[in-house]
Amino acid sequence: MSPDSPTDYSSLLPQTNIQPVIQGWLIEDMPTFDIGGLVVGTDQKKALLYMKQAGVFAGRPFVDAVFSIVGCTVTWEDIAIEGKYFDIKSGEKVILATVEGPANLILRGERTALNTISRCSGVASSCFKSSKKIKELHPDWAGAIAGTRKVTPGSFRIVEKYGLIVGGCNSHRLDLSQMTMLKDNHIWSCGGDITKAVKLARSAAGFSTKIEVECQSVEEALVAATAGADIVMLDNYTPAELKEDARKVKAQHPKVIVEASGGITHETMCDYVCDSVDIISRGDLTQGYSCLDFSLK
């Protein structure tokens with residue numbers, strides 16, 4: 001992703017699925033009376049959406065959906081491009097959009113829209129920062145930074161996964177059905193037999209679903225690759241040990257994808273970069289991220 005010409009990923013989101021999800025958020029936020037709405041009335045009003053903190057803007061489709069459901073319209077400024085980094089100084093703010101509609105309906109959607117956009121932009125900003133660092137320090141690395149499945153439970157996961165993509169990282173698997181990951185618990189249930197676990201998974205997954213195996217040693221990784229795993233995850237390694245074992249795996253199985261994972265952060269991720277590592281995954285991209293500050297006035 002280029003910061004000057006970001007890709008528009010909004011068409012990824014199926015509106016037939018997103019609309020009822022967001023409607024559920026709105027119902028949860030106002031299950032009975034809207035007394036505040038009674039106070040402000042139903043006169044037509046305009047409110048400006050401000051971005052008040054430096055970072056990457058993401059989450060525009062969710063804002064559109066929120067206000068569409070409550071009966072308002074959103075007009076975006078030309079600069080309101082998802083994936084774009086806004087260098088906003090302290091005390092400054094940028095107008096991204098104008099929301100129009102009855103006062104009570106604008107306020108009915110306000111907090112849901114702001115909560116969503118602040119979190120989506122927070123994830124995207126963390127990803128953008130990480131992608132930029134990797135490209136600057138390791139411009140020839142052909143691998144990618146990815147999130148994990150450590151996301152907010154329930155329907156909000158799609159916001160964080162979308163933020164990962166807009167920010168320039170890989171989303172990793174979206175759910176348990178998208179890719180088969182055999183972790184230590186799966187292997188133990190097969191008596192510790194990695195080959196047995198992979199073969200059983202392949203019998204159901206067929207050719208169309210990748211299989212990944214979490215490995216604690218190069219011996220486990222080689223067994224998994226030989227058994228037919230598409231991806232081996234080298235988990236909880238030191239950088240030096242991981243690079244050594246990744247090279248051993250690639251030497252025997254050059255087409256197998258090698259993923260580095262386990263406690264890797266923005267500060268340490270570059271230590272894991274080498275030609276034999278294809279993916280560096282980080283749970284902190286969707287756990288403990290900082291939300292960006294937006295307001296609607």
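## A buried loop residue

T286 sits in the loop that joins strand 11 (279-281) to strand 12, where strands are DSSP runs of E with at least two residues, and helices are runs of H or I with at least four, numbered from the N terminus. This is a predicted model, in which local features need pLDDT of at least 70 and side-chain atom pairs count only at pLDDT 80 or more, while totals for chains, interfaces and linings use all residues. Residues are numbered from 1 along each chain as its sequence is written, and side-chain values use heavy atoms, with hydrogens and water left out.

With a relative accessible area of 4%, T286 is buried (under 20%; exposed is over 50% and partly exposed in between, with a 1.4 Å probe and protein chains only). Beyond its neighbours within four places in sequence, T286 is in contact with V123, T148, K150, V151, E160 and L164, contact being heavy atoms within 4.5 Å.

## The open sheet and helix 3

Strand 12 also belongs to an open sheet of 4 strands, ordered 3-5-1-12 with antiparallel pairing; two strands pair if DSSP finds at least two bridges between them. Strand 3 (73-76) and strand 12 (294-296) each have a single partner strand and stand at the edges, so one side of each is left without a neighbour in the sheet. On average, neighbouring strands of this sheet are turned by 20° against each other, direction ignored.

Strand 1 (residues 44-51) pairs with strand 12 in the antiparallel sense over 3 bridges, and L49 stands opposite L296 in strand 12. Helix 3 (residues 60-70) lies across strand 3, strand 5 (94-102) and strand 12, and runs at about 150° to strand 3; axes are lines fitted to C-alpha atoms, for helices over the stretch in contact, and angles run from 0 to 180 degrees between N-to-C directions.

## The two pockets

The largest pocket holds about 400 Å³ of space, a pocket being an open set of points on a 1 Å grid over the protein atoms alone, with protein on both sides within 12 Å along at least five of seven lines, and lining residues having an atom within 4 Å of a point. Among its 23 lining residues, T148, K150, K183, M233 and S261 are the closest to the centre. Strand 9 (231-235) and strand 10 (257-261) are the elements that give two or more residues to this lining.

The second largest pocket holds about 330 Å³ and is lined by 15 residues, with N170, H172, R173, M179 and I231 nearest its centre.

How values were computed. On a 1 Å grid over the protein atoms alone, a cavity is a set of points where a 1.4 Å probe fits but cannot get out, and a pocket is an open set with protein on both sides within 12 Å along at least five of seven lines; lining residues have an atom within 4 Å of a point. Grid points are joined across faces, edges and corners, and a volume is the space filled by probe spheres set on the points.
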